[in-house]
Amino acid sequence: MTDSPEPSTLIIEAGRSELHYWRDLWNYRELFTILAWRDVSVQYKQTFIGVAWAVLRPALTMAIFTVIFGRIAKVPTEGNVPYPLLVMAGMLPWFLISTIVSNGANSLVTNSNLISKVYFPRLIVPVASALVAVVDFAINLVLLFAMMAWFGFLPDWHLLLMPAFVVMGLLAALGPTLIMAALNVNYRDFRFVIPFAVQFGLYVSPVGFSSAIVPEKWRLLYALNPVVAVVDGFRWSLLGGRTHFGADTFLTGSAVIALFLWFGIKLFRGTERSFADLV
Amino acid sequence: MSKRTVIRASGLGKSYVIGHKGADRHDTLRDTLARGAGNLVRMGRSAMRGRPLVAGDTTEEFWALRDVSFEIAQGDVVGVIGRNGAGKSTLLKVLSRITEPTAGRVEIRGRVASLLEVGTGFHPELSGRENIFLNGAILGMSQAEIRRKFDEIVAFSEVERFLDTPVKRYSSGMYVRLAFAVAAHLESEILVIDEVLAVGDAEFQKKCLGKVNDLANAGRTVLFVSHNLGTIGALCTRGIVLQNGRVAHDGAIGEALATYVAQSTRSVDYVAGADAAGKPVHFAAARVAESEGGIVVRAEVMAGAAQSIIVNARIRDPIGAPLGMASLGGFDPGQLVQLAAGRNAIAMQVCLPPLANGNYFVDLDIEEPYGHFLDRVEGQLNFEIVRTPESSHGRVLLPDWGVGTIQFPARAAAAS
């Protein structure tokens, strides 16, 4: 980078789109790593129980869901899958997505001191903040495997597909994150919208129930929520194909995810040059 | 080494939209509602067009930079000079790609590292060691580069013992030293530095300036903003004077400083900006007036609680070189200024020897009796010495004689 004999000329101009944007992004990969590391290592500093928070949050939510929906409201489980396992397998991808969106959407504002003082491709900030959620997810996965062992549920070859659904979850989260992060810089209204949207998302996504209970004619409409495909797919791969996962859900979900991602990147890149003036 | 152009700016401009609040004369509920609705419509309209929201009843376009053109060759050490709000910081932000210009273009050859603030991105919860890596990466150093220079950085910062302590437990002096140590080891072809050397104690400042000097001698291109004309005069070979967002002068540093000084002949009173309010003791306003045999400095000082302080007036000559210092309490503890909580009016009479004609700067400090600075006003106040041959019975010393600016009184002594 520094030792090229004839450094290329950088041109700064109004409205000029960056030619080497993606290469630039690659050059800043170390900054990305270190920002992600910062967020991860600061996350549980000066807390009493530390990393246990990562486990406690989904564990408690699962317990509440099991008692209220499973026992009191008698929401049915699917097949022979124990209800707590059904919830936990839905909770993990849901927390992954919702944490990325809520952290990422505020990330530009919380890092305003960096944005107004240093240049780097701004895309790094929301994406690096997503890594905290990935670490939490990995910790929770251990908890989930422990639960499966407890219930005597052994995963089979379907498990090999699980990483693909995690990646799908990351991409599903990234699109809305970029949109909200970019809008949040200028319109702080989104600070109030995001917690509400996340709360709402928990109920319209198949976390506390199986999407098999959604009537057949509404399935396609339901699949427009990209979280449905991720949660269904994750649960399906983990529980050895014993839960519902339709091909149409997968295709619709992928299309919506791609659309959000395309629009998110476009919006983010279109506005990122003015972030320093607005934030 | 060939002197090729590394930065070429042409017609650079940067505008911001600022809002004004209308007059609050007829503030009935109906007026307020009507105006609120009007603002909502306007904001809605800018939101639709993807423009930034601006609070206020009317908006105005403000050009922080206008039609700025210059060329900088490799190895130039350029001082950017101008009053507050002249566009210095905006220019540096455009050159370091933090903000986009509204008009014009810049061509830059080589890696630019910018240092607009000391300790950007320092995280209070992380240790000194962790922050060195974090801050280095933010400033654009690679991890390998930081590892290579780690020991040097630590030695420069003088905080070895506290490397594994979270920086939130650091004293402000340690914090600044560590932050600057990282920045000082930044290597790039072009270095852009904002007013960051004005921190830390005098000894550390000297060390920092030495470091910048080394970089300049090593053939790096440096762009440097400071209010301290003495520093600029000593470090830079060339000066660009900005005035209201335009280039007022571009040339050798001596001429540039002279232009800047001539620009600010009328002493403007100092009024504290919003950032001063956070300090426990600070200048709210200050002015310098000429008086018989010298000057009178009048200041209003805000204090959070009653305490005694030292007030210094440091005087710099027309080219920014230090001339001397007057102090209440700094030399004689019997003269310490007693502050009450709230607003205090302070006046200090400074007796001056006969001085060469020209414009002199007055920098003010508030200091605690044991040497901790509480607030500073720098590069803001000045006074002019105009002596005519008639008023001083003969010839008048001028700065361009090159013999200094103090005319010492002398008389014939008895020759033995």
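**Architecture and contacts of chains A and B**

Immediately after helix α6 of chain A, Gly152(A) adopts a positive phi of about 70°. In this predicted model, α6(A) covers residues 124-150. At 1.5 Å a residue, its 27 residues should span 39 Å, and the separation of 40 Å between its end C-alpha atoms agrees with that expectation. The buried residues of α6(A) include Ile124(A), Val125(A), Pro126(A), Val127(A), Ala128(A), Ser129(A) and Ala130(A). Further along the helix, Val132(A), Ala133(A), Asp136(A), Phe137(A) and Asn140(A) are also buried. The cover over these buried residues includes α2, α3 (52-72), α4 (83-110) and α7 (162-186) of chain A.

The model as a whole scores ipTM 0.81 and pTM 0.72. For chain B, the mean pLDDT is 82, with 87% of the residues reaching 70 or more. Chain B contains eight helices and 18 strands, and 37% of its 416 residues are buried. Among its contacts between residues at least 6 apart in sequence, 69% join residues at least 24 apart.

Chain B is divided into domain 1, residues 65-263, and domain 2, residues 270-401. The C-alpha centres of these two domains of chain B are 27 Å apart. Their contact draws on eight residues from domain 1 and nine residues from domain 2. On the side of domain 1 that touches domain 2, α7 (229-235) and α8 (253-263) of chain B are the elements that give two or more residues. The largest share of that side, four residues, is provided by α7(B). By class, this side of domain 1 comprises four nonpolar and four polar residues, with no charged residues.

Contact between the two chains involves 36 residues of chain B and 28 residues of chain A. On the chain B side, α2 (88-95), β4 (103-109) and α3 (128-138) each supply at least two residues. Strand β4(B) makes the largest contribution to that side, with six residues. The residues of chain B that touch chain A fall into 17 nonpolar, nine polar and 10 charged.

Strand β4(B) also pairs across the chains: five bridges join it to strand β1 (residues 9-13) of chain A, and the two strands run antiparallel. Within this pairing, Arg105(B) in β4(B) stands opposite Glu13(A). Ala103(B) likewise belongs to β4(B). With 16 other C-beta atoms within 10 Å, Ala103(B) is partly exposed. Leaving aside residues up to four places away in sequence, Ala103(B) touches Ala14(A), Gly11(B) and Gly13(B). Ala103(B) and Ser10(B) are separated by 93 residues in sequence, yet their C-alpha atoms are 9.2 Å apart in space.

Helix α3(B), another contributor to the side that touches chain A, has 10 of its 11 residues buried and is therefore largely enclosed by the rest of the structure. The buried residues of this helix include the nonpolar side chains of Ile132(B), Phe133(B), Leu134(B), Ala137(B) and Ile138(B). Gly128(B), Glu130(B), Asn131(B), Asn135(B) and Gly136(B) are buried in α3(B) as well. The packing around the buried residues of α3(B) involves both chains: α2 (29-43) and α5 (112-115) of chain A, together with α4 (143-157) and α5 (172-184) of chain B. Following α3(B), Gly140(B) has a positive phi, near 100°.

Strand pairing was also examined in chain B between residues 270 and 303. Strand β10 (residues 270-271) is joined to strand β11 (residues 281-291) by two bridges, and these strands run antiparallel. In this pair, Val271(B) has Ala285(B) of β11(B) as its bridge partner. Strand β11(B) is further joined by 10 bridges to strand β12 (residues 294-303), again in an antiparallel arrangement. Here Phe283(B) stands opposite Val301(B) in β12(B). The hairpin formed by β11(B) and β12(B) has two residues between the strands, and Gly293(B) in this hairpin takes a positive phi near 75°. In a regular strand, side chains alternate between the two faces of the sheet.

Methods:
Residues numbered from 1 in each chain as written. Chains lettered and ligands numbered in written order. Predicted model: local features only at pLDDT ≥ 70, side-chain atom pairs only at ≥ 80, totals over all residues. Buried ≥ 20, exposed ≤ 12 C-beta atoms within 10 Å, placed from the backbone. Contact = placed C-beta atoms within 7 Å. Domains from an automatic or database assignment. Pairing = 2+ DSSP bridges. pLDDT = per-residue confidence, 0-100. Expected span 1.5 Å × (residues − 1).
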